[in-house]
Amino acid sequence: MVPTPYYIALSALLMTIGSVGVLTRRSAIMVFLSVELMLNAANLAIVAFARQWSVSGAQTALSGQAAVFIILAIAAAEVAVGLGILVTIFRNRVSTDVDELSEVRL
Amino acid sequence: MSAVVHWAALAPLLALVGSIVNAFFGRSMKEPLPGIIASVAVAAGFVLAVLAFIGLQGSDHGVQVTLWRYLTAGTLHLDAGFMIDRLSVTMMLIITGVGLLIHIYSIGYMHGDDGNSRYFAELNLFVAAMLVLVMADSFPLMFIGWEGVGVCSYLLIGFWYRDRANPDAGRKAFIVNRVGDVGFLLAMFLTFKTFGTLNIAAVNAAAPGMLYGSAVLTVIGLFYLLGAAGKSAQLPLQVWLPDAMAGPTPVSALIHAATMVTAGVYLIARVGAVYAMAPAAASTVAWVGGLTAFVAAFAAFGQTDIKKILAYSTISQVGYMIAAVGVGAYWVGIFHVLTHAFFKALLFLSAGSVIHALGGEQDVRKMGGLGRKMKLTGTTALIATLAISGVPFLSGFFSKDAILSSTLTSSLMAGNGGNALYILLLITAGMTAAYMFRWYHRVFAGESRLDAHAAAHLHESPRSMTWPLAILALGSVVVGYLGLPEFAFPNFIQRWLEPATTAVDFNHLAASTDWLLIGLSVLVVAIGLGVGWWVYEVRKGAPVAAFKDSNLASASRGALGFDALYRILFLASGEGVAEGIATLDREVVDRGLAAGGAGVGLLGRLATAIQSGFVRAYALAMLLGVLALIAVAALTGVLK
């Protein structure tokens, strides 16, 4: 069985890649993708811990896995809304460069 | 006692309904409908008052109608209740009777005015408030009516509000009246503290049990006097009434001659029991009235505005009434209210008829000889002039004579200068005859001084205006016979009012002395009229022209300088304070706030620098924030 720290290391790596992606990419699609990556990094960490607790403990710890399902569902919903917004923005501006989307400020 | 007396309590409501109908629906009505609605409302009130008058014939006591309790605070219970007794019914008859004639007159006078329905709404509201004032059974409700008539007076003085001077005059009346109202309020507070009740009948019942001449009763009496002086335009608060002539003339007749300005007389008559126990307060009332009568009569000589002469005359005549109630002759004071309501309303309405005919001219120097062109107006004005002068067998003669003799014989004036007051009022009677002769002669007699345009325009007024004149002229003659000299003749009004007012002792004079006093006052009136006739008819005003630049004449024109004095004392100092506050506001408050605002703006501009609008910058901030939280958690061990 793969020890938990490996999973956590992979999760941290994914989180870092996601964070850097959010900070450096200008295309909204890529920012979006990076956000998804960060979400899944968190999911991975959660299921890894959930597995560790259910192996060592007397009872199976399903709450971690349930939480991951909820996160997946919310992420899906967020993608639906977010992509919708993106499509609208693209239609209006023919661009998804997030640095150009700064009209709301004073 | 019959139930009809209770119905009189509906009279204020009827006038109020008339006012509301005109206020909300009057604009869409065609003339003369608003005037007719208003007149019907007042006429209905008059019918109720007449029924109450008949119903009260057999009974000395009035009827108490309590409608509802509107305030309870500790031991203070305030009811909306009416006291319909002989005194209040007398006032109701004057208000609705003379008021009805003036309403009808107004239909003609206000014909074609933009504010026709507004005028009648306000006039009806005035009648409602005035009825509440005289019918109230407690001081607070009376005060509500008191303020109500003040508001209507303010509204109607400034009725033609497009000319700035008119609302200014209304404001002046309102503000001067506030001074009197403070007196009324303080009197109420002291009354409640002393008697534990604000019911007028209860106060009158309790007052005789108090210490005779005690300080608290005197102070209460003086505060009520201050209230009365404000509303009734007595010294030192008389300055508002001449300016109040800015309103339409029927308003001057109704509010500023026949009814509202007599509210102070009514108030003092109502709390007669307090004054009967406080001779110092009572004689102060009498002297204030006497001095006002004299000063205003003096000022009337110097005026050239047809209505201002009458305004000073009103102040002077109300001074007589105040003097009468001051000496405790309550029926006499109310009797003069009654006769004055007729002849002074008639004088004002005649003046209104003249102003109407001349297209707005009010300067008596540009009138003269109008009696030949306006026969009915001229005749009725002559009757009113003779009545107010005190010519025998007209109404003013009887009531003025009763006032004069009561100042001599009142027990309240014993040691308080009753004789001096008599002489002052007697001289004033002569002056009254002289200035009223001047008024009549300048307007209606002598040669015409009209300009060509006005002379061509000249016409007698329409019928809705001349009929009320004729009825009022009839009243100016006959109402005096209700109060024939009581030592020799049956006196209806004395017998009628005495059960409803406080009894004050009067010395009885020998009948020969009484006749002598009457002869004296007739002589003085004859001298007054004779001087007027000599100056204006025989010498064609030459003595006046020679006299014009003297100090006495300018003092009369300026009404002894009260206005000028108040301008210095109150207006100038008030303006100084206002100027100081304005400077403080500009230099300290405004600048401070501006500096504070600038500081906040600066902070805001700093804060906007953070809000770059770049999504990735926000993401970086979030990331750093989360990292910081994790670092804090890891280092301090909060998460464990």
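What follows is a chat about a predicted model with chains A and B.

Me: Start with chain A. How many helices and strands does it have?
Reply: Chain A comes to 3 helices and 0 strands. From the N terminus on, its elements run α-α-α.

Me: How much of chain A is buried?
Reply: Of its 106 residues, 12% count as buried.

Me: And what share of the contacts in chain A join residues at least 24 apart?
Reply: The share is 48%, taken among contacts between residues at least 6 apart in sequence.

Me: Now chain B. What is the count of helices and strands there?
Reply: Chain B has 28 helices and 2 strands. Buried residues make up 51% of its 640 residues. Of the contacts in chain B with a separation of 6 or more, 81% are between residues 24 or more positions apart.

Me: What box do the C-alpha atoms of chain B fill?
Reply: Along the principal axes, the box is roughly 120 × 65 × 50 Å.

Me: Which domains does the assignment give for chain B?
Reply: The domain assignment gives domain 1 (1–137), domain 2 (146–557) and domain 3 (562–636). The C-alpha centres of domain 2 and domain 3 of chain B lie 60 Å apart.

Me: How many residues does each chain bring to the contact between A and B?
Reply: Chain A gives 10 residues and chain B gives 10 residues. On the side of chain A that touches chain B, 6 are nonpolar, 2 polar and 2 charged.

Me: Back inside chain B. Which residues of helix 24 are buried?
Reply: The buried residues of helix 24 of chain B are B:Ser521, B:Val524, B:Val525, B:Gly528, B:Leu529, B:Gly532 and B:Tyr536.

Me: What do they pack against?
Reply: The buried residues of helix 24 pack against helix 18, helix 19 and helix 20 (418–444) of chain B.

Me: Why does the length of helix 24 agree with what is expected?
Reply: Helix 24 of chain B (residues 511–538) has 28 residues, which at 1.5 Å a residue should span 40 Å, and its end C-alpha atoms are 38 Å apart, so the two agree. Just after helix 24, B:Lys540 takes a positive phi of about 55°.

Me: You mentioned helices 18 and 20. At what angle do their axes cross?
Reply: The axes of helix 18 and helix 20 of chain B cross at roughly 170° and come within 9 Å. Angles over 145 degrees count as roughly antiparallel, and helix 18 and helix 20 of chain B are therefore roughly antiparallel to each other.

Me: Which residues of helix 18 and helix 20 meet?
Reply: From helix 18 of chain B they include B:Gly378, B:Ala381 and B:Leu382, and from helix 20 of chain B they include B:Met436, B:Phe437 and B:Trp439. By class, that contact of helix 18 with helix 20 has 9 nonpolar, 4 polar and no charged residues.

Me: What about helix 28 of chain B, how many of its residues are buried?
Reply: The count is 0 among its 22 residues, so to speak hardly covered. Helix 28 of chain B (residues 615–636) reaches 31 Å from its first C-alpha to its last, close to the 32 Å expected. B:Gly637 follows helix 28, with a positive phi near 75°.

Me: New topic, the backbone. Where is B:Ala233, and what is its phi?
Reply: B:Ala233 is found in the loop between helix 9 and helix 10 of chain B. Its phi is near 55°, a positive value in a residue other than glycine. Most residues other than glycine have a negative phi.

Me: Is B:Ala233 buried or exposed?
Reply: B:Ala233 counts as buried because it has 32 C-beta neighbours inside 10 Å, where the cut-off is 20 or more.

Me: And B:Phe393, buried or exposed?
Reply: B:Phe393 is exposed, with 11 other C-beta atoms within 10 Å. B:Phe393 is found in the loop between helix 18 (375–389) and helix 19 (395–409) of chain B, and its phi is near 75°.

Me: Which peptide bond is cis at B:Pro236?
Reply: The bond from B:Leu235 to B:Pro236 is cis, with omega near 0°. B:Pro236 is found in the loop between helix 9 (215–231) and helix 10 (240–243) of chain B.

Me: Last one. How far apart are B:Val63 and B:Pro167?
Reply: B:Val63 and B:Pro167 are 40 Å apart in space, C-alpha to C-alpha, and 104 residues apart in sequence. B:Val63 is found in strand 1 (residues 63–73) of chain B, and B:Val63 is buried, with 22 other C-beta atoms within 10 Å.

Conventions. Residues numbered from 1 in each chain as written. Chains lettered and ligands numbered in written order. Predicted model: local features only at pLDDT ≥ 70, side-chain atom pairs only at ≥ 80, totals over all residues. Helix = DSSP H or I, 4+ residues; strand = E, 2+ residues; numbered from the N terminus. Expected span 1.5 Å × (residues − 1). Contact = placed C-beta atoms within 7 Å. Axes fitted to C-alpha atoms, helices over the stretch in contact; angles between N-to-C directions. Parallel < 35°, antiparallel > 145°, perpendicular 65-115°, else oblique. Nonpolar A, V, L, I, M, F, W, Y, C, P; charged D, E, K, R; others polar. Domains from an automatic or database assignment.
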